[in-house]
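Me: Please take one part of the structure shown here and examine it closely. I should like a connected account that begins with strand pairing and then turns to the side chains.

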Amino acid sequence: MQRTVLVRIVAVVVAAFFVGEGRSVAQERTSKTPAVDSNAARPSSFSLVNASGADLASLRSNSLMQQSGSEGADAVAERQSMDSFTSLEDGQPGDPGALELQLDFGWSTSSDDSDTYTWDTQIKYTGEGSDFLKNMKLALTVPLEVGNAGIDGNGDLEIEWQQRWVAEQGNMPTIATLFTIRAPTGYHSDGIDATFTGVVAKDFGPGTFFLNGWVKSANGSHIEDRRDVQWGGRLAYLWRFDENASLTVNYVYETSEMDGESDMNLLELGAQFQINDNLTLGPGVFVGLDGKDATPDFGAGIRITYGF
């Protein structure tokens, strides 16, 4: 009998405990206002929940993926991408899992040679899945010199692997690399060329500074007296004067392609206009700065980029 009474007392106490807890939770929920001032201090219990959940996950993510949303390119890539008719490499990936078609149409003139017309077609793909894949861009390019199909090496296939290793965060700039292989698939072509490019980008003011450094191993024998090792650099500033438009100023220094010729100094000016979510137009011009025979006097072109 005493045991039965004891059991009933315990049951009543437990029931009272859960009823009281339920009322407390209900009161807490009804007492909370729907709108919270973003500048107000948060209670410690709320902060602990964030720290153990979404905020902690955010802290664990590295600087490679600063996503602006659940889909699409991250904020750094959107800010530092450059799609104008220049030789500058920006080192930025595109939308994860997306394809891009890039068409470059160019013309140049020099004092010691006939005018040159070029048409480059490039297909680019940005990976998806892990951080490494989302920061990787693969590309296939076929550069053509229009009207001179009989030039040895015309139409060679170029295979590119670009990897962004660090996305700008605080004082740390964006760091990326680009590795390009030229395969001898064109007219009377042979040998394989390899080019390695390093990219550094840092936001400053209303735009971004870029620094490119590259070195090329030229092994094909279809061009007589070509330098076996070529190198160069680029220093540029991208000015974003509008949400959908920008201007780029790029100084280019590079060794000549042929032995015995002088190095080249060029100034490139490019613009970029985002027409819609898929289409970007990027006209550009360049001028020779040194007056040497190996340096083009003037050139112009346009880059058309379409994302799928």
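**Strands 8 to 10 and their surroundings**

Reply: Strand 8, which covers residues 229-242, runs antiparallel to strand 9, and 9 bridges join the two. The model under discussion is a predicted one. The link along the chain from strand 8 to strand 9 is a hairpin of 2 residues. On its other partner, strand 10 (residues 264-274), strand 9 (residues 245-254) is held by 10 bridges, again in an antiparallel arrangement.

Individual residues show how this part is put together. Y251 of strand 9 has L235 opposite it, and in strand 10 Y251 stands opposite L267. A245 is matched in strand 10 by F273, its bridge partner.

What larger arrangement do the strands form? They belong to a barrel that 12 strands close, in the order 1-2-3-4-5-6-7-8-9-10-11-12, with antiparallel pairing. On average, and with direction ignored, neighbouring strands of this sheet are turned by 20° against each other. Besides the 12 strands, the chain has 5 helices.

On the strand 7 side, V215 offers a local view. V215 is found in strand 7, residues 207-217. Beyond four places in sequence, V215 touches A194, T195 and F196, as well as V229, Q230 and W231. The C-alpha atoms of V215 and G233 are 9.0 Å apart in space, with their positions 18 residues apart in sequence. Is V215 buried, exposed or partly exposed? Its relative accessible area is 41%, and because the partly exposed class runs from 20% to 50%, V215 is partly exposed.

The nonpolar side chains come next. In soluble globular proteins, such side chains tend to be buried together. Here the largest nonpolar core consists of 6 residues: M82, L88, A201, F210, A236 and L238. One of them, M82, is in contact with L88 and L238, and also with D90, T248, Q272 and R303, when neighbours within four places in sequence are left aside.

The charged side chains complete the picture. Side chains of opposite charge can pair when their charged atoms come close. Over the whole structure, a search finds 9 salt bridges.

The side chains of R79 and D203 meet in one such bridge, at 2.4 Å from N to O. This pair links distant parts of the chain, since R79 is in helix 4 and D203 in strand 6 (residues 193-204), 124 residues apart. R79 counts as partly exposed at 28% relative accessibility, whereas D203, with a relative accessible area of 19%, is buried. The value for D203 falls in the buried class because that class is defined as under 20%. R79 and D203 are also linked with R240 in a network of salt bridges.

A second pair, R182 and D193, forms a salt bridge whose closest N and O atoms are 2.8 Å apart. R182 in strand 5 (residues 174-183) and D193 in strand 6 are 11 residues apart, and the pair is another link between distant parts of the chain. Both R182 and D193 are buried.

A further salt bridge is formed by R164 and D74, with 2.9 Å between the closest N and O atoms. Why does this pair tie together separate parts of the chain? R164 lies in strand 4 (residues 157-166), while D74 lies in the loop between helix 3 (54-60) and helix 4 (75-80), so the pair ties together parts that are 90 residues apart in sequence. R164 counts as buried, at 0% relative accessibility, and D74 counts as buried at 3%.

For the chain as a whole, buried residues make up 34% of the 308 residues. Of the contacts with a separation of 6 or more, 50% are between residues 24 or more positions apart. The accessible surface comes to about 17,800 Å², and carbon and sulfur atoms hold 60% of that area.

Definitions and conventions
Residues numbered from 1 in each chain as written. Predicted model: local features only at pLDDT ≥ 70, side-chain atom pairs only at ≥ 80, totals over all residues. Heavy atoms only, no water. Pairing = 2+ DSSP bridges. Helix = DSSP H or I, 4+ residues; strand = E, 2+ residues; numbered from the N terminus. Axes fitted to C-alpha atoms, helices over the stretch in contact; angles between N-to-C directions. Buried < 20%, exposed > 50% of the residue type's maximum accessible area, 1.4 Å probe, protein only. Contact = heavy atoms within 4.5 Å. Areas by Shrake-Rupley, 256 points an atom, 1.4 Å probe, with all protein chains shown as cover. Salt bridge = Lys/Arg side-chain N within 4 Å of Asp/Glu carboxyl O. Core = buried A, V, L, I, M, F, W, Y, C linked by side-chain atoms within 4.5 Å.
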